[in-house]
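Please consider the arrangement of strands and helices in the model that follows. The account begins within the sheet and then turns to the helices and the cysteines.

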Amino acid sequence: SSRYARSTASSDVRGAGIPLANCIKRLKHERSRRVPASEYVNGQTGLYDLPIQEALAAGVRIFEIFNEPNIAPGPNSEGLGVAWLSAVDFAQQCAALMDAIRLRYPTAQILAPAIGPAPDNWVWWEAMRGAGVFASAFGIAAHSYWVDDATMLHEEHGQHWRKLKRYLHL
């Protein structure tokens with residue numbers, strides 16, 4: 001049975017007239033240990049295989065991998081210090097996973113992961129650029145956060161995505 005096809009979110013999107021091809025499926029990652037790309041995607045039993053297969057079957061083509069990998073170690077960490085040790089280490093793992101997904105699922109369009117709000121964002125962006133993540137990505141995910149109108153229009157909050165424009169290959 002397909003959990004994805006029966007989800008309420010999928011029904012709501014279809015009812016709103018938004019094509020699933022214009023939607024993004026975030027793929028959750030393992031935070032508590034280092035996972036090689038072959039364990040995420042192997043065509044059958046990888047952690048991402050079933051979610052990707054179900055999403056593609058439903059018409060979703062765009063995938064966001066990882067989630068704010070720069071969040072510091074602690075209860076809200078997304079893997080830093082365990083699943084990857086640095087921005088460069090993460091970027092190399094991310095590039096390998098993107099290659100593995102593309103090999104198994106050539107119609108999947110992969111977004112480079114969003115980086116969480118932190119003063120060292122540029123270190124992570126440069127590491128991903130250096131590893132070829134941005135060059136091979138369909139686009140770049142950006143999570144913008146704000147609490148009021150002023151921060152919504154501020155370049156460190158709601159407009160934070162603007163800094164990513166230099167990494168796009170238009």
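In strand β2, E64 is the bridge partner of R26. This is a predicted model, in which local features need pLDDT of at least 70, side-chain atom pairs count only at pLDDT 80 or more, and totals for chains, interfaces and linings use all residues. Residues are numbered from 1 along each chain as its sequence is written, and side-chain values use heavy atoms, with hydrogens and water left out.

Strands β1 and β2 run parallel and are joined by four bridges; two strands pair if DSSP finds at least two bridges between them. Strands here are DSSP runs of E with at least two residues, helices are runs of H or I with at least four, and both are numbered from the N terminus. E64 also has a bridge partner in β3, namely L111, and β2 pairs with β3 in the parallel sense over three bridges. Strand β3 (residues 109-112) is in turn joined to β4 by two bridges, again in parallel, with A112 partnered by I140 of β4.

The outcome is an open sheet of four strands with parallel pairing, in the order β1-β2-β3-β4. Because β1 (24-27) and β4 (139-140) stand at the edges with a single partner strand each, one side of each is left without a neighbour in the sheet.

In a regular strand, side chains alternate between the two faces of the sheet. Both faces of β2 are covered: I62 and E64 on one side, and F63 and I65 on the other, are all buried (under 20% relative accessible area with a 1.4 Å probe, protein chains only).

Helix α4 (residues 87-104) lies across β2 and β3 and runs at about 150 degrees to β2; angles run from 0 to 180 degrees between N-to-C directions, and axes are lines fitted to C-alpha atoms, for helices over the stretch in contact. Helix α4 also packs against helix α5 (residues 121-130) at an angle of about 40 degrees, with the axes 8 Å apart. The two helices are therefore oblique, a class that leaves out angles under 35 degrees, over 145 and from 65 to 115. In this contact (heavy atoms within 4.5 Å), α4 contributes A87, V88, F90 and A91, and α5 contributes V123, W124, A127 and M128.

Helix α3 (residues 49-58) has D49, I52, E54, A55, L56 and A58 as its buried residues. G59 follows α3 and has a positive phi, near 110 degrees.

Two cysteines complete the account. C23 is buried at a relative accessible area of 14%, and C94 is buried at 0%. The whole structure contains zero disulfides, defined as pairs of cysteine sulfur atoms within 2.5 Å.

Notes: Buried < 20%, exposed > 50% of the residue type's maximum accessible area, 1.4 Å probe, protein only.
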